[in-house]
Amino acid sequence: MAHLGARAFDEIGGEVVQTTSFVFRTSNVPNYKGVYTRLIEPNTQKGKENLFLACESRYTIAQDNFSKIPGAPIAYWAHDAFFEAFDNEKIGKYAISDGQTKTGNNDKYLRMLWEVERSKIGEGRKMGPSC
């Protein structure tokens, strides 16, 4: 896959289109490692072409890693430690979350950064830990 980003083609000006080019196969090849080239930094078509031909900004990733992540995004730039985190048990085995913080009284308990005086934040203070 060549991740071209914006300004991949001189004919299309500005940040109008984000572009990628790839070859796709509909069957699984066990232990297959894909090659990805990140070409989003050069801001010109020629710069992207030169970076690609120089074989720079290349990532080789085992395809099986993507299926570990919910939704299977093609996160080719992620480090091995990121993929390994998905090998562990999921928190959903121990807790249920609907994705929201519920206080029962948001007006009383939730504050925006600018609503709290700096002198009231920290250990032993009103907005600090109570333990």
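These are my notebook entries on one protein chain, looked up element by element in a predicted model.

**Entry 1: the overall layout**

I started with the fold, as one does. I count 3 helices and 4 strands in the protein. Reading from the N terminus, I get the order β-β-β-α-β-α-α. Next I checked burial: of the 131 residues in the protein, 18% are buried. I also looked at how far along the sequence the contacts reach. Taking contacts between residues at least 6 apart in sequence, I find that 38% join residues at least 24 apart.

**Entry 2: the largest pocket**

Where there is a pocket, I want its volume and its walls. The largest pocket comes out at about 810 Å³. Its lining has 22 residues, and Val23, Phe24, Arg25, Tyr36 and Gln63 are the ones nearest the centre. Which strand gives the largest share of that lining? I found that strand β3, residues 33–38, does so with 4 residues. I then sorted the lining by character, which gave 13 nonpolar, 6 polar and 3 charged residues.

**Entry 3: Lys48**

My next stop was a lysine in helix α1, Lys48. Is Lys48 buried or exposed? Its relative accessibility is 3%, so I put Lys48 down as buried, the cut-off being under 20%. I followed the side chain to see what it meets, and Lys48 reaches the backbone oxygen of Pro42 at 3.0 Å. Setting aside neighbours within four places in sequence, I list Leu4, Ala6, Arg7, Ala8, Leu39, Ile40 and Pro42 as the residues in contact with Lys48. Pro42 is thus in my notes twice, as the owner of that backbone oxygen and as one of the listed contacts.

**Entry 4: Ser57 and its positive phi**

I went through backbone angles and stopped at Ser57. Its phi is near 60°, a positive value in a residue that is not glycine. Ser57 sits in the loop between α1 (45–53) and β4 (58–62). I read its relative accessible area as 35%, which makes Ser57 partly exposed. Which residues does Ser57 touch, leaving aside neighbours within four places in sequence? I noted Tyr36, Thr37, Arg38 and Leu51. For Thr37 I also took the C-alpha separation: Ser57 and Thr37 are 20 residues apart along the chain, and their C-alpha atoms are separated by 5.6 Å. Tyr36, a contact of Ser57, had already come up as a residue nearest the centre of the largest pocket.

**Entry 5: Ala72, another positive phi**

Ala72 went on the list for its backbone too. Here phi is near 50°, again positive in a residue other than glycine. I place Ala72 in the loop between β4 and α2 (80–85). With a relative accessible area of 40%, Ala72 is partly exposed.

**Entry 6: salt bridges**

How many salt bridges are there? I count 2. One joins the side chains of Asp87 and Lys68, with 3.3 Å from N to O. Asp87 belongs to the loop between α2 and α3 (106–109), and Lys68 to the loop between β4 and α2, so this pair ties together parts that are 19 residues apart in sequence. I checked exposure for both partners. Asp87 is partly exposed, at 49% relative accessible area, and Lys68 is partly exposed as well, at 28%.

Glu89 and Lys93 form a salt bridge too, and their closest N and O atoms are 2.7 Å apart. I find that both Glu89 and Lys93 are exposed.

**Entry 7: Asp10**

Last, I looked up Asp10, which I find in the loop between β1 (2–5) and β2 (19–21). Is Asp10 buried or exposed? Its relative accessible area is 58%, so Asp10 goes down as exposed, the mark for that being over 50%. I also took one separation here: the C-alpha atoms of Asp10 and Asn43 are 9.9 Å apart, and these residues are 33 residues apart along the chain.

Conventions: Residues numbered from 1 in each chain as written. Predicted model: local features only at pLDDT ≥ 70, side-chain atom pairs only at ≥ 80, totals over all residues. Heavy atoms only, no water. Helix = DSSP H or I, 4+ residues; strand = E, 2+ residues; numbered from the N terminus. Buried < 20%, exposed > 50% of the residue type's maximum accessible area, 1.4 Å probe, protein only. Salt bridge = Lys/Arg side-chain N within 4 Å of Asp/Glu carboxyl O. Contact = heavy atoms within 4.5 Å. 1 Å grid on protein atoms, 1.4 Å probe; cavity = no way out; pocket = protein on both sides within 12 Å on 5 of 7 lines; lining within 4 Å. Points joined across faces, edges and corners; volume = space filled by probe spheres on them. Nonpolar A, V, L, I, M, F, W, Y, C, P; charged D, E, K, R; others polar. Polar contact = N/O pair within 3.5 Å; in protein donor to acceptor, adjacent residues only side chain to side chain.
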